[in-house]
Amino acid sequence: MLAKLSTRPAVRHGAGAGVLALTLLGAGLPAVAAGRAEPDLSRFYGQKVTWAACTDPNAPDDLQCGKVTVPLDYARPGAGTLDLALARYRATGPSRGSVLLNFGGPGAPGVSQLAGQGKDFMDLTNGYDVVTFDPRGVGRSSPVSCGESADGADGAAEAPGNVDAARPQALLTRLQKSVTLCTKHSGPVLKHIGTVDTARDLDVIRQALGDRKLNYLGFSYGSRLGAVYAARFPQNVGRIALDGVDTLTESLADQGLAGVEGQQTALEDFLTWCTKDIACPFGQDRRAAGDQVVEIMRSLDAHPVPNAFGGSFSGQDLVGAIGQALYSRQLWPSLERALASLVQDGDTRGVLNFAIGGFSPSLRAAPHGTKDDPRGAKGDPQGNGTKDDRHGTKSDRHGAKNGGLVDAQDVPTDNLPAALMAINCADDPDRPTAARIGKDLKGLRDAYEDASPVFGPYRLSQLLMCYGRPKGTDYIRDQVRNVHSAKMLLVGTRGDPATPYRWTVETAKRLGPSAVVLDNKGDGHTGYTSSKCVHRKVNDFLLYGFLPPSGSSCLTQETGWSSGTEAVD
């Protein structure tokens with residue numbers, strides 16, 4: 001669930017002894033129950049980030065890069081390490097520390113996002129260093145992959161867009177092949193890529209930045225990460241804001257169906273808007289326009305056309321592109337023009353803009369593993385990171401094999417979809433058997449296609465991608481609840497096609513009194529970069545500690561704000 005697509009149309013290419021709780025607290029380490037031994041993590045919690053200029057010539061001059069080292073396996077910290085790429089804009093005035101950003105996905109590289117769209121967060125430099133990172137398995141931080149072929153196809157895209165319920169065994173065989181490819185190409189990080197591990201990485205980063213508490217802004221999937229952090233380290237919660245709030249309890253099947261329904265509604269809204277414009281490639285008949293979209297999708301699935309990069313462009317690629325563009329109304333004019341070029345001239349370049357690139361700190365994505373384009377964009381297209389030995393941030397072409405940072409040009413083109421699936425599957429404990437899938441497949445397909453003939457098949461193929469992977473953790477469903485931490489701000493948008501508003505309400509109830517809800521009565525996935533009201537209220541909380549009363553609203557036209565604020569530490 002990435003935050004949103006950029007409104008700019010251009011494609012970017014691109015073994016330790018255990019210690020007691022008292023000792024851990026004294027060293028700034030996470031506390032554990034008295035008398036309970038945990039592995040010694042002091043070498044990781046003793047780090048300080050060394051910042052240097054980013055070596056990529058396209059990186060903003062004021063962006064700095066660095067790294068932090070974390071254990072590959074927190075249960076066995078002597079068994080290997082990973083370097084995580086970091087980037088920051090320094091505070092322009094008195095600083096109260098750092099605010100850490102996560103842009104969603106899962107699978108979105110933070111460094112390139114902050115480099116490309118840092119202007120959206122410059123207000124926060126009034127009080128913070130604004131910091132982001134490439135999570136484990138993402139971007140330059142030991143990126144996972146499912147393998148890339150010469151024509152750009154990859155293991156992550158092995159599942160067909162149109163699921164044949166009459167031949168489930170053939171589908172399951174292809175899914176198992178995909179798992180084998182992902183395991184082969186991803187390296188040891190694949191077994192340790194879930195949100196629970198990444199939340200522990202957040203705490204190591206917090207300490208390495210010199211912050212007593214974690215101040216954090218997480219979009220979409222980033223809200224899941226923030227919630228898990230708060231449950232795991234409640235004593236270290238500073239000011240945490242979560243925008244586009246994820247579910248903590250629904251199965252991938254239910255998440256996928258919610259995403260299908262949300263995107264179908266957004267598509268209908270787009271077509272209603274488009275058919276009022278004489279330039280709409282589908283004409284002015286609203287009902288006929290919907291039928292044309294389905295026909296074009298099916299035609300391209302049956303007969304893919306060449307794309308500008310030497311590969312092919314299918315109906316499912318078109319669905320992914322449309323889905324990305326629907327996350328923000330600001331993108332609708334660009335989508336209309338891109339579809340006109342495709343329909344009238346057979347030109348795929350415009351839709352490829354949405355299908356394979358252009359994601360920014362505002363990148364909007366579909367619910368984890370069911371919300372985003374499974375063909376994704378190359379991680380870290382901006383290539384931000386330093387190779388200077390003197391600053392401890394040198395990377396190498398084979399960094400992923402030894403846990404070091406990889407060069408930007410060596411990030412696999414399928415890293416985003418591969419990471420998205422790997423993280424979602426690692427977070428999901430459900431693993432139906434082959435027999436169960438065969439029994440339920442037709443019903444699932446019918447439910448998804450009834451919800452949307454366009455997005456249903458696309459999302460269903462993503463849902464099935466966890467088959468054959470190890471069972472994920474039950475920590476998030478079972479233990480992320482009743483969090484006793486400092487107050488957290490949860491922003492839900494009423495017209496969000498990816499993370500339904502009800503998820504904000506449900507997650508707030510699950511987290512307990514620490515959660516405060518801001519109701520954004522607008523459209524699009526997340527509100528920080530699209531609503532001036534949300535932007536202001538989130539900044540007021542992060543910068544000054546002013547928290548709106550739970551249930552307060554930001555109005556659609558930005559004409560008002562419901563009453564009052566309270567100051568919190």
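Begin by selecting Val99 in strand E5 and Val130 in strand E6, since in this predicted model these two residues are bridge partners. Now widen the selection to the whole of both strands, residues 98-102 for E5 and residues 129-133 for E6, and you will be looking at a parallel pairing that runs over 4 bridges. Add helix H3, residues 110-117, to the view, and the three elements E5, H3 and E6 together make a right-handed β-α-β unit.

Stay with E5 and select strand E7, residues 214-219, which also pairs with E5 in the parallel sense, here over 3 bridges; the bridge partner of Leu101 in E7 is Leu217. If you show the side chains of E5, Ser98, Leu100 and Asn102 point one way while Val99 and Leu101 point the other way, and 5 of the 5 residues of this strand are buried.

Next, move to the second largest pocket by selecting Lys191, His192, Ile193, Asp197 and Ala426, which lie nearest its centre among 26 lining residues. Helices H4 (168-186), H5 (195-208) and H13 (415-426) each give two or more residues to this lining, which divides into 12 nonpolar, 6 polar and 8 charged residues, and the volume of the pocket is about 630 Å³.

Finally, go to the largest cavity, with a volume of about 120 Å³, by selecting Arg224, Thr247, Glu250, Gln255 and Asp427, the closest to its centre of the 13 residues that line it. Helices H7 (252-274) and H16 (475-479) each give two or more residues to the lining of this cavity, where 3 residues are nonpolar, 5 polar and 5 charged.

Conventions: Residues numbered from 1 in each chain as written. Predicted model: local features only at pLDDT ≥ 70, side-chain atom pairs only at ≥ 80, totals over all residues. Heavy atoms only, no water. 1 Å grid on protein atoms, 1.4 Å probe; cavity = no way out; pocket = protein on both sides within 12 Å on 5 of 7 lines; lining within 4 Å. Points joined across faces, edges and corners; volume = space filled by probe spheres on them. Nonpolar A, V, L, I, M, F, W, Y, C, P; charged D, E, K, R; others polar. Buried < 20%, exposed > 50% of the residue type's maximum accessible area, 1.4 Å probe, protein only. Pairing = 2+ DSSP bridges. Right-handed = clockwise from strand over helix to strand, strands pointing away.
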